[in-house]
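Here are my comments on the model you sent round. Please read them with the structure open.

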Amino acid sequence: QVQLVESGGGLVQPGGSLRLSCTASGITFSMYAMSWYRQAVGKGRELVASIPSVGPSTNYSASVKGRFTISRDNLKNTVYLQMNSLKPEDTAVYYCNALLSSTSYNVMYWGQGTQVTVSS
């Protein structure tokens with residue numbers, strides 16, 4: 001059974017920091033590209049950051065670039081999202097995503113989400 005379990009969300013003041021973690025089980029973690037998405041109330045789900053299965057390349061949405069950092073530890077089957085200089089508009093449910101792509105199929109899994117609230 002595949003599980004992606006997020007943790008680290010919570011309430012933080014503007015300008016503060018949080019680190020989200022997502023630990024995977026039931027998959028060969030090192031083969032999956034990992035991403036963080038978020039969904040604010042009344043809005044669609046948006047890609048925040050992604051990291052490939054191999055190589056150092058990372059991608060960020062324009063709204064978080066320079067403030068958020070995605071990283072992974074394949075020995076711990078965990079992907080992280082370090083969030084600094086948080087703003088109220090970062091308030092959302094953050095979801096972990098695992099994607100295995102090939103020329104003939106895609107396999108995707110989602111975590112249950114963790115709430116991040118930025119408010120004074």
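The points below take up a sheet first and then the cysteines.

1. The model is predicted, and the remarks here should be read as remarks on a prediction.

2. An open sheet is built from 4 strands, in the order β1-β3-β8-β7, with antiparallel pairing. Its edges are formed by β1 (3-7) and β7 (68-73), each of which pairs on one side only. Direction ignored, neighbouring strands of this sheet are turned by 15° against each other on average.

3. At the β7 edge, the partner strand is β8 (residues 78-83), and 6 bridges join the two in an antiparallel run. For anyone checking the register, Thr69 stands opposite Gln82 in β8.

4. How many disulfides are there? The count comes to 1 disulfide, taking a pair of cysteine sulfur atoms within 2.5 Å as the criterion. The pair is Cys22 and Cys96, with the sulfur atoms 2.1 Å apart.

5. The disulfide links distant parts of the chain: Cys22 lies in strand β3 (residues 18-25) and Cys96 in strand β9 (residues 92-101), 74 residues apart. Strand β3, which carries Cys22, is also a member of the open sheet, placed between β1 and β8 in the order.

6. Which hand does the disulfide have? The torsion about the S-S bond of Cys22 and Cys96 is about -80°, so the disulfide is left-handed.

7. Are Cys22 and Cys96 buried or exposed? Both cysteines, Cys22 and Cys96, are buried.

Terms used. Residues are numbered from 1 along each chain as its sequence is written. This is a predicted model: local features need pLDDT of at least 70, side-chain atom pairs count only at pLDDT 80 or more; totals for chains, interfaces and linings use all residues. Side-chain values use heavy atoms; hydrogens and water are left out. Two strands pair if DSSP finds at least two bridges between them. Axes are lines fitted to C-alpha atoms, for helices over the stretch in contact, and angles run from 0 to 180 degrees between N-to-C directions. Buried means under 20% relative accessible area, exposed over 50%, partly exposed in between (1.4 Å probe, protein chains only).
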